[in-house]
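Got your viewer open? Load the model below, and let's take a walk through it together.

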Amino acid sequence: GSPEDGKPLNIVHRDISPPNILLSLNGEVKLVDFGLAKAATQVEHTDPGIVKGKFSYLSPEAASGKEVDWRSDIFACGIILFELLTGRRLFVGETDFQTVELVRQARIPSIRALNSEVPDELEAVVLKALALRPEDRFQHAYELQDALAQLLFSRGLKVTSRDIAQSVRKCMSEAQKSAPAPNLSQGV
């Protein structure tokens with residue numbers, strides 16, 4: 001596939017992690033830093049992928065030096081969802097090696113045990129994204145998106161770009177209030 005023929009390029013980002021997800025003042029969610037991204041046709045099969053990206057956000061297959069495809073990115077989205085819902089890191093060892101080992105095993109603690117407000121259905125969506133075997137995950141990002149949208153819809157919740165923009169502005173104004181005042185006495 002090429003951009004001209006309308007066929008999907010099956011781009012694999014390979015570094016989906018919190019620093020690479022930006023929320024704009026207009027409420028857009030932007031995925032940045034495609035430095036490691038490759039079309040599926042360009043991923044070298046000899047490349048273990050282990051030195052690529054941030055260890056805590058690797059997929060089990062990347063951590064094991066196996067071939068990665070876009071389902072690796074879906075696993076990384078699952079990690080971020082887990083961390084957003086629980087307020088704690090999912091895979092973090094005392095050393096990079098230990099972190100990679102935790103990712104390889106992909107043992108996922110109960111989200112509801114860490115945050116009882118998370119509904120069962122939402123936990124099920126996140127756990128599906130975090131399945132050890134790529135074939136057990138959502139097979140496309142839009143399937144994960146649809147599952148989350150369906151969950152919001154079933155609970156009468158809506159999230160629009162305006163809602164995101166309001167949250168971003170609120171966070172920014174809170175950050176400005178808590179920032180230390182500039183020290184003006186040093187200027188002269």
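Before we start clicking, one bit of vocabulary: a residue is called buried if its relative accessible area is under 20%, exposed if it is over 50%, and partly exposed in between. Also keep in mind that this is a predicted model.

**Stop 1: the whole chain**

Colour everything by secondary structure. You should find 7 helices and 4 strands. Now follow the chain along its sequence: the pattern reads β-β-β-β-α-α-α-α-α-α-α. Switch on the surface, and you're looking at about 11900 Å² of exposed area, with carbon and sulfur atoms supplying 56% of it. How many of the 188 residues, as a percentage, count as buried? The figure is 33%. There's something to say about contacts too: take those between residues at least 6 apart in sequence, and 56% of them join residues at least 24 apart.

**Stop 2: a link between two loops**

Select Lys 54 and Asp 15 and show their side chains. The two form a salt bridge, and their closest N and O atoms are 3.2 Å apart. Lys 54 sits in the loop between strand 4 (38-39) and helix 1 (60-63), while Asp 15 sits in the loop between strand 1 (11-12) and strand 2, so this pair ties together parts that are 39 residues apart in sequence. Are the two partners buried or exposed, or something in between? Lys 54 has 34% relative accessibility, so it counts as partly exposed. Asp 15, on the other hand, is buried, because its relative accessible area is 8%.

**Stop 3: a nonpolar patch**

Next, select Ile 11, Ile 21, Leu 23, Val 29, Leu 31 and Phe 34, and keep the surface on. Together they make a nonpolar surface patch of about 500 Å². Which elements give two or more residues to this patch? They are strand 2 (21-23) and strand 3 (29-31). Zoom in on Leu 31, which lies in strand 3. Its relative accessibility is 36%, so Leu 31 counts as partly exposed.

**Stop 4: one side of a helix**

Jump to helix 5, residues 120-129. Pick out its buried residues: Leu 122, Glu 123, Val 125, Val 126 and Ala 129. Why do they end up on the same side of helix 5? They cover an arc of only 160° around the axis, and that puts them on one side. Here's the handy rule behind that kind of pattern: an α-helix has 3.6 residues a turn, so residues three or four places apart point the same way. Now show the neighbours. The buried residues of helix 5 pack against helix 2 (70-86), helix 4 (111-114) and helix 6 (141-154).

**Stop 5: more salt bridges**

The salt bridges come to 11 in this model, so let's visit a couple more. Select Asp 163 and Lys 158: they form a salt bridge, with the closest N and O atoms 3.2 Å apart. Asp 163 is partly exposed, at a relative accessible area of 22%, whereas Lys 158 is exposed, at 56%. Then move to Arg 133, Glu 135 and Asp 136, which are joined into one network by salt bridges that share partners. Within that network, the side chains of Glu 135 and Arg 133 meet in a salt bridge of 3.3 Å, N to O. Glu 135 is partly exposed, with a relative accessible area of 45%, and Arg 133 counts as partly exposed too, at 43%.

Definitions and conventions
Residues are numbered from 1 along each chain as its sequence is written. This is a predicted model: local features need pLDDT of at least 70, side-chain atom pairs count only at pLDDT 80 or more; totals for chains, interfaces and linings use all residues. Side-chain values use heavy atoms; hydrogens and water are left out. Patches are made of residues with over 30% relative accessible area and no salt bridge: like charges are joined within 9 Å, nonpolar side chains (Val, Leu, Ile, Met, Phe, Trp, Tyr) within 5 Å. Accessible areas come from the Shrake-Rupley method with a 1.4 Å probe; for residues, only the protein chains shown count as cover. A salt bridge is a side-chain nitrogen of Lys or Arg within 4 Å of a carboxyl oxygen of Asp or Glu. Buried means under 20% relative accessible area, exposed over 50%, partly exposed in between (1.4 Å probe, protein chains only). Contact means heavy atoms within 4.5 Å. The arc is that of the directions from the helix axis to the C-beta atoms.
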